[in-house]
Amino acid sequence: AYNLALEEYEEALGIFRGLAESSPEDFLLHVANTLNNLAGLHSDTQEYDLSLAEYEEALGVYRRLAEVKPEVFLVYVAGTLNNIATFKYNDYTTFAK
């Protein structure tokens, strides 16, 4: 199940990244959402460094979107900050030991 999910997330991410190159306002949100999903998957499989990098990349995309439309995208920034905090508290601290 993990390998299938990983393949599908990675395929989706590649498609969304490609679409975002020509139409970022329409597809960057999907890039960030997929990164968030991948981060959760990698956290569940204890791939902590990769998970944190994906969360941080998603956060960067959400922040970029929030600069233009904060009323729409700040909620995504807050949600991802929450994910990162939970990850660091629960998973990454265990990994760092």
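Tutor: A residue is called buried when its relative accessible area is under 20%, exposed when that area is over 50%, and partly exposed in between, as judged with a 1.4 Å probe and protein chains only. By that rule, 33% of the 97 residues of the protein chain count as buried.

Student: What kind of model do these values rest on?

Tutor: This is a predicted model, in which local features need pLDDT of at least 70 and side-chain atom pairs count only at pLDDT 80 or more, while totals for chains, interfaces and linings use all residues. Residues are numbered from 1 along each chain as its sequence is written, and side-chain values use heavy atoms, with hydrogens and water left out.

Student: How many helices and strands does the protein chain have, and how are they recognised?

Tutor: The protein chain has 4 helices and 0 strands, where helices (H or I, at least four residues) and strands (E, at least two) are DSSP runs numbered from the N terminus. Read along the sequence, the pattern is therefore written α-α-α-α.

Student: Why is the protein chain called as compact as a globular protein of its length?

Tutor: Its radius of gyration, taken over C-alpha atoms, is set against the globule rule, which is 2.2 Å times the number of residues to the power 0.38. The value of 14 Å is close to the 13 Å that the rule gives for 97 residues, so the chain is as compact as a globular protein of that length.

Student: Why does the pair of Y62 and Y76 count as stacked?

Tutor: Rings of Phe, Tyr and Trp (its six-membered ring) pair if their centres lie within 6.5 Å, and planes under 30 degrees apart count as stacked, over 60 as edge-to-face and the rest as tilted. The structure holds 4 aromatic pairs; in the one between Y62 and Y76 the ring centres are 5.3 Å apart and the planes lie at 20°, so the pair is stacked. This pair links distant parts of the chain, with Y62 in helix α3 (residues 48–68) and Y76 in helix α4 (residues 70–96), 14 residues apart.

Student: Are Y62 and Y76 buried or exposed, and how do you know?

Tutor: Y62 has 1% relative accessibility and so counts as buried, whereas Y76, with a relative accessible area of 29%, is partly exposed.

Student: What makes the pair of F73 and Y76 tilted?

Tutor: The centres of F73 and Y76 are 5.9 Å apart with 40° between the planes, an angle that fits neither of the other two classes, so the pair is tilted. F73 and Y76 are 3 residues apart in helix α4, which means that about one helical turn separates them. F73 is buried, because its relative accessible area is 11%.

Student: How do you know that S51 is buried, and which residues does S51 touch?

Tutor: S51, placed in helix α3, has 0% relative accessibility and so counts as buried. Contact means heavy atoms within 4.5 Å, and, not counting residues up to four places away in sequence, S51 touches A39, H42, S43 and F87.

Student: Which residues touch the most other members of the largest nonpolar core, and what makes a set of residues such a core?

Tutor: A nonpolar core is a set of buried Ala, Val, Leu, Ile, Met, Phe, Trp, Tyr and Cys residues joined through side-chain atoms within 4.5 Å. The largest one has 24 residues, of which Y62 and L65 touch the most other members. At least two residues of this core come from each of α1 (2–22), α2 (24–44), α3 and α4, and the largest share, 9 residues, comes from α3.
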